[in-house]
Amino acid sequence: MADPLNALKLDQLVEIIPEILVTLREDAMSIRGIRDIPLAAADKLFATICKLAEEVDLDLAGIPTWRNPEGRIIGMRSATRPVHVRWILEDIHCRVRGTDDERFVCDALRWAVRQSAGASKNVVSILVSELESAALTREWDRFAEVRQGNRGAAVG
């Protein structure tokens, strides 16, 4: 069975990942008791994004992060904002667009998003909404192709 997240392209992931991170943080603040599950999911997603950024030689200086003793990024700080994540993702997208690395980056981001979906029902709702939107867009594209084909046949 095909993974429905494969329908999401890199530009769509760039748009929804900051929203997913905000949702995970908000969920952590609204939950009583075990807050660390959505926070850990947000940190893991953010760390994956940062690892991809480092792979494409982006400089992350100035982005507030938590690092382990070896210097690897392990999570977001409270000062990390969705706009920081959007900037990183947009820069990654610009670097890999049209290259062989684009597919790898997209697959890695899908994997990270899939992992975070298990931590929050609200993240699942975001993904369902985005997948429905992507499916609707594909249907409109097919309709336009068929309509253009019918016009071409009628004129010719």
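How many helices and strands does the chain have? Five helices and two strands. Here are some notes to help you find your way around; bear in mind that this is a predicted model.

1. **The overall layout.** Reading along the sequence, you'll meet the elements in the pattern α-α-β-β-α-α-α. The chain has 156 residues, and 39% of them count as buried. If you take contacts between residues at least 6 apart in sequence, 71% of these join residues at least 24 apart.

2. **H1 against H3.** Start with helix H1 (residues 10-30) and helix H3 (residues 82-96). Their axes lie 9 Å apart and the packing angle is about 160°. An angle over 145 degrees counts as roughly antiparallel, so that is how H1 and H3 run relative to each other. The crossing of H1 and H3 is right-handed. On the H1 side, the contact is made by Leu10, Asp11, Leu13, Val14, Glu15, Ile17, Pro18, Leu21 and Val22. H3 brings Pro82, Val85, Arg86, Leu89, Glu90, His93 and Val96 to the contact. Sorted by class, the contact of H1 with H3 holds 11 nonpolar, one polar and four charged residues.

3. **H2 against H3.** Now look at helix H2 (residues 36-55), whose axis comes within 10 Å of the H3 axis and crosses it at roughly 40°. That angle makes H2 oblique to H3. H2 passes H3 in a left-handed crossing. Here Phe46, Ile49, Leu52 and Ala53 of H2 meet Val85, Ile88, Leu89 and Ile92 of H3. The class count for H2 with H3 is eight nonpolar residues, no polar ones and no charged ones.

4. **H3 against H4.** H3 also packs with helix H4 (101-117). The axes of H3 and H4 come within 8 Å and cross at roughly 150°. This makes H3 roughly antiparallel to H4, and the crossing is left-handed. To find the contact, look for Leu89, Ile92, His93 and Val96 in H3, which meet Asp101, Glu102, Val105 and Leu109 in H4. The residues in this contact of H3 with H4 divide into five nonpolar, one polar and two charged.

5. **Leu89 turns up repeatedly.** While you have H3 in view, pick out Leu89: it is listed in the contact with H1, in the contact with H2 and in the contact with H4.

6. **Alanine 53.** Is alanine 53 buried or exposed? Alanine 53, which lies in H2, has a relative accessible area of 0%, so it is buried. Leaving out residues up to four places away in sequence, alanine 53 touches Leu58, Leu60, Ile88 and Ile92. Take the pair with isoleucine 92: the two residues are 39 apart in sequence, and their C-alpha atoms are 6.0 Å apart in space.

7. **Aspartate 57.** A little further along, aspartate 57 sits in the loop between H2 and strand E1 (65-67). Aspartate 57 is worth a look for its backbone: phi is positive, at about 65°, although the residue is not a glycine. With a relative accessible area of 64%, aspartate 57 is exposed.

8. **Serine 120.** You'll find serine 120 in the loop between H4 and helix H5 (121-155). Despite the loop position, serine 120 counts as buried, at 5% relative accessibility. What does serine 120 contact, once neighbours within four places in sequence are left aside? Its contacts are Thr23, Leu24 and Asp27.

9. **Methionine 29.** Back in H1, methionine 29 is exposed, with a relative accessible area of 52%. The C-alpha atom of methionine 29 is 9.1 Å from that of leucine 39, a residue 10 places away along the chain.

10. **The cysteines and disulfides.** Cysteine 50 counts as buried, at 1% relative accessibility, whereas cysteine 94 counts as exposed, at 52%. How many disulfides does a search of the whole structure find? Zero.

Note on methods: Residues numbered from 1 in each chain as written. Predicted model: local features only at pLDDT ≥ 70, side-chain atom pairs only at ≥ 80, totals over all residues. Heavy atoms only, no water. Helix = DSSP H or I, 4+ residues; strand = E, 2+ residues; numbered from the N terminus. Buried < 20%, exposed > 50% of the residue type's maximum accessible area, 1.4 Å probe, protein only. Axes fitted to C-alpha atoms, helices over the stretch in contact; angles between N-to-C directions. Parallel < 35°, antiparallel > 145°, perpendicular 65-115°, else oblique. Left-handed = near helix turned anticlockwise from the far one by under 90°. Contact = heavy atoms within 4.5 Å. Nonpolar A, V, L, I, M, F, W, Y, C, P; charged D, E, K, R; others polar. Disulfide = S-S within 2.5 Å.
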